[in-house]
Amino acid sequence: MSNALDENVEVNNSSELKSASKRLPVTFGPLTDQVLPQLKALNSSVFPVKYNDKFYSDVQNAGNYTKLAYYSTELLVGAICCRLESRPEGGIKLYIMTIGVLAPYRCCGVGTALLETVLNAAAKDERILEAYLHVQTSNTDALNFYKRFGFVVKDKILNYYKRIEPPDCFVLAKPSMDDTRLSILRRAGGAQTADALQTADALQSL
């Protein structure tokens, strides 16, 4: 059963998903008590729901996995909010709760940059073994967006949302951070090391 925190997980930058040919130069900052009111104002502007205190407590506790995107150093234009959850079998999974970008700054790669930043941080954190999120079944733009990052549909939950139509969602998961880790190594010039790791993983699975 979904709770009040979970039932409105959103990605609200669908116009960006179709075209991100021009990237807005943004800088990233952490969520602190001082900028929490700005995040609340951004979420109120972007999403059709009001998030409760537990939501903001969880995203603050996520530390480096909640990021704010600023244009011209001071203007908050987007944010990604995440939660860290323990896995019964050990390790931690990253739950992506929201990605929101103000309307005038969509189609500029802000949402993509936010997700890339968080996934890259997770790939460097050996505790994090997977990432997952919920997407409304009708939101094909968001589905295609996340699939570009290696997320796959793992499940469908009926009547997940209480205040939007359709109320059903897909559970998307990135069951392994290995592809992101390999990508980071290649960008850093460690192509041979990355290829060796990939080969070792393949052999291990035989």
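## A walk outward from strand 3

G29 has its bridge partner in strand 3: L68. That pairing is our way in. The model is predicted, and residues are numbered from 1 along the chain.

Start with the strand that holds L68. Strand 3 covers residues 67-71. Four of its five residues are buried, so most of this strand is covered. On one side comes strand 2, residues 26-30. Five bridges join strand 2 to strand 3, and the two run antiparallel. Strand 3 also pairs with strand 4, residues 75-86. Here too the count is five bridges, and the direction is antiparallel. One opposed pair to look for is A69 and G78, the latter in strand 4. Strand 3 and strand 4 form a hairpin, with three residues between them. S72 lies in that turn, and its phi is positive, about 60°.

Y71 is a good residue to pause on. Its place is in strand 3. Is Y71 buried or exposed? Neither word fits fully: Y71 is partly exposed, with a relative accessible area of 28%. That class applies because 28% falls between the 20% limit for buried and the 50% limit for exposed. Now look at what Y71 touches. Leaving out residues up to four places away in sequence, its contacts are L24, P25, V77 and Y105. P25 shows how the fold brings distant parts of the sequence together: Y71 and P25 are 46 residues apart in sequence, yet their C-alpha atoms are 6.6 Å apart.

Step back to the whole chain. The chain has 206 residues, and 51% of them are buried. Seven helices and eight strands make up its count of elements. Consider the contacts with a separation of 6 or more. Residues 24 or more positions apart account for 68% of them. The chain exposes about 10,400 Å², and carbon and sulfur atoms supply 52% of that area.

Next, the interior. In soluble globular proteins, nonpolar side chains tend to be buried together. Here, the largest nonpolar core has 61 residues. Which residues have the most contacts inside it? They are Y65, I96, V110, L115, Y146 and F151. Take Y65. Not counting residues up to four places away in sequence, Y65 touches I80, C82, L84, L94, V118, A121, A122, D125, R127 and I128.

Some of those names lead to helix 4, residues 110-123. Eleven of the 14 residues in helix 4 are buried, so the helix is mostly covered. The buried set is V110, G111, T112, A113, L114, L115, V118, L119, A121, A122 and A123. An α-helix has 3.6 residues a turn, so residues three or four places apart point the same way. The length of helix 4 can be checked too. At 1.5 Å a residue, its 14 residues should span 20 Å, and its end C-alpha atoms are 20 Å apart, which agrees.

Now the cysteines. A disulfide is a covalent bond between the sulfur atoms of two cysteines. How many disulfides does a search of the whole structure find? Zero. Why does C81 not bond to its closest cysteine? The closest cysteine sulfur is in C82, 7.4 Å from the sulfur of C81, and that is too far for a bond. The limit for a disulfide is 2.5 Å. C81 is buried, with a relative accessible area of 0%. C108 is in no disulfide either: its nearest cysteine sulfur, that of C107, is 6.2 Å away. C108 is buried as well, at 10% relative accessible area.

C107 has a backbone feature of its own. Most residues other than glycine have a negative phi, and most peptide bonds are trans. The phi of C107 is positive, near 65°. C107 lies in the loop between strand 5 (92-101) and helix 4, and it is partly exposed, with a relative accessible area of 26%.

End in the loop between strand 7 (152-157) and strand 8 (169-174). N159 is found there. Its phi is positive, near 55°. N159 is exposed, with a relative accessible area of 58%. P166 is in this loop too. The peptide bond from E165 to P166 is cis, with omega near -5°.

Notes. Predicted model: local features only at pLDDT ≥ 70, side-chain atom pairs only at ≥ 80, totals over all residues. Heavy atoms only, no water. Buried < 20%, exposed > 50% of the residue type's maximum accessible area, 1.4 Å probe, protein only. Pairing = 2+ DSSP bridges. Contact = heavy atoms within 4.5 Å. Areas by Shrake-Rupley, 256 points an atom, 1.4 Å probe, with all protein chains shown as cover. Core = buried A, V, L, I, M, F, W, Y, C linked by side-chain atoms within 4.5 Å. Expected span 1.5 Å × (residues − 1).
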